[in-house]
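Colleague: Could you take me through the disulfides of this model, one link at a time? I am new to this, so please explain each term as you go.

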Amino acid sequence: MGNQTSTSDFLLLAFSSHQEVLLPLFLTLYLAALLGNLLILVAIGLDPHLHTPMYVLLVNLSLADLFFTSTTMPRLVHALQTGDRTITHSACLAQVFFFLLAGNVDSYVLAAMAWDRYVAICRPLHYATVVTLPRCVVLLGTVWVGAALHSLLHTFLTARLSFCSNRALPHFYCDVYPLLRLACSDTSLNFLVALIEGGSTILLPAACIFTSYAYIGAAVYRLRATGGVRKALATCGSHLSVVGLFYGTLVGVYLQPPDQHDTEGRDRDLVATVMFSVVAPTLNPYIYSLQNREIKVSLARIFKVNMI
């Protein structure tokens, strides 16, 4: 027990080479994510016409994406610039909490968006009474509180672990599974909770999205004769792109057996993690929100007034 500690710094070893290429790449991605998501928040926040359920969902998606990128990217950019790859134990736990918080909010907001599209396409006459602003606010409040409790649970279970002299993480941020593999103390409870409770937080919103789009697909098939296919696909296409990019990589990282951590598996997980935690939050506002005519008109109006 002499070489065990719960307060030692960790080393984040991912992307330890080719810094001259990776630094401008990740810095550009981070700045693009900040710009795109902040523009969404400004456009919706300053335009009263956009204070509707659909745009409230977009605001929360942008907030979650800002959490996602700001939890990991500043530390990664600092490491690439200075070569300092250490992170304190408390900062590591903070990363675990906020990363899980952002990921869970992202998942459930995407599920809420799928529900919103389902009601708009399959129950258009009931949309105004079913998808109301108070109902969306309650739903989103529940999502944030539930995600915070989920993150707090995993952060607490990680904080109680002891770590030996090997404190090198083959990652660019502190995540639950890499930390569990470094721990010297018993991690059976952590793995069990991560598999059952953590897995359910991924599968439940995914099931909601799949079910919503199954009904939407059936409705689109029925609308072929009335020319409704193009409108339905235009409404849902961008959302499906975001969902595919996010879940296509997220599931591969967190729903795999805990013993698959060879070098090839770690490299594959690292690429997948970059896709859902860096690339997806960067692209979301551009492929989903900024293609929206109302948001572009709102931004044009805001900047035109400010320039005058």
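Modeller: Here is a close look at the cysteines, followed by the sheet.

First, some ground rules. This is a predicted model, in which local features need pLDDT of at least 70 and side-chain atom pairs count only at pLDDT 80 or more, while totals for chains, interfaces and linings use all residues. Residues are numbered from 1 along each chain as its sequence is written, and side-chain values use heavy atoms, with hydrogens and water left out.

A disulfide is a covalent bond between the sulfur atoms of two cysteines. Here it is taken as a pair of cysteine sulfur atoms within 2.5 Å. That rule gives two disulfides.

Start with Cys92 and Cys174. Their sulfur atoms are 2.0 Å apart. The angle about the S-S bond is -120°, and this link is left-handed. Cys92 lies in helix α3 (residues 89-122), and Cys174 lies in the loop between β3 and α6 (176-182), so the pair ties together parts that are 82 residues apart in sequence. Helices (H or I, at least four residues) and strands (E, at least two) are DSSP runs, numbered from the N terminus. Both Cys92 and Cys174 are buried. Buried means under 20% relative accessible area, exposed means over 50%, and partly exposed is in between (1.4 Å probe, protein chains only).

Now take Cys164 and Cys184. Their sulfur atoms are 1.2 Å apart. Cys164 sits in the loop between α5 (133-159) and β3, and Cys184 in the loop between α6 and α7 (188-222), so this pair ties together parts that are 20 residues apart in sequence. Cys164 has 21% relative accessibility, so it counts as partly exposed. Cys184 is partly exposed too, because its relative accessible area is 28%.

How do the bonded cysteines pair when numbered in sequence order? The pattern is 1-3, 2-4.

Two other cysteines deserve a look. Cys122 is buried, with a relative accessible area of 15%. Cys208 has 36% relative accessibility, so it counts as partly exposed.

Strand β3 came up in both loops, so here is its sheet. The sheet is open, with three strands in the order β2-β1-β3 and mixed pairing. β2 (86-87) and β3 (168-169) stand at the edges with a single partner strand each, so one side of each has no neighbour in the sheet. Two strands pair if DSSP finds at least two bridges between them. Strand β1 (residues 10-12) and β2 are joined by two bridges and run antiparallel. Within that pair, Phe10 has Ile87 of β2 as its bridge partner.
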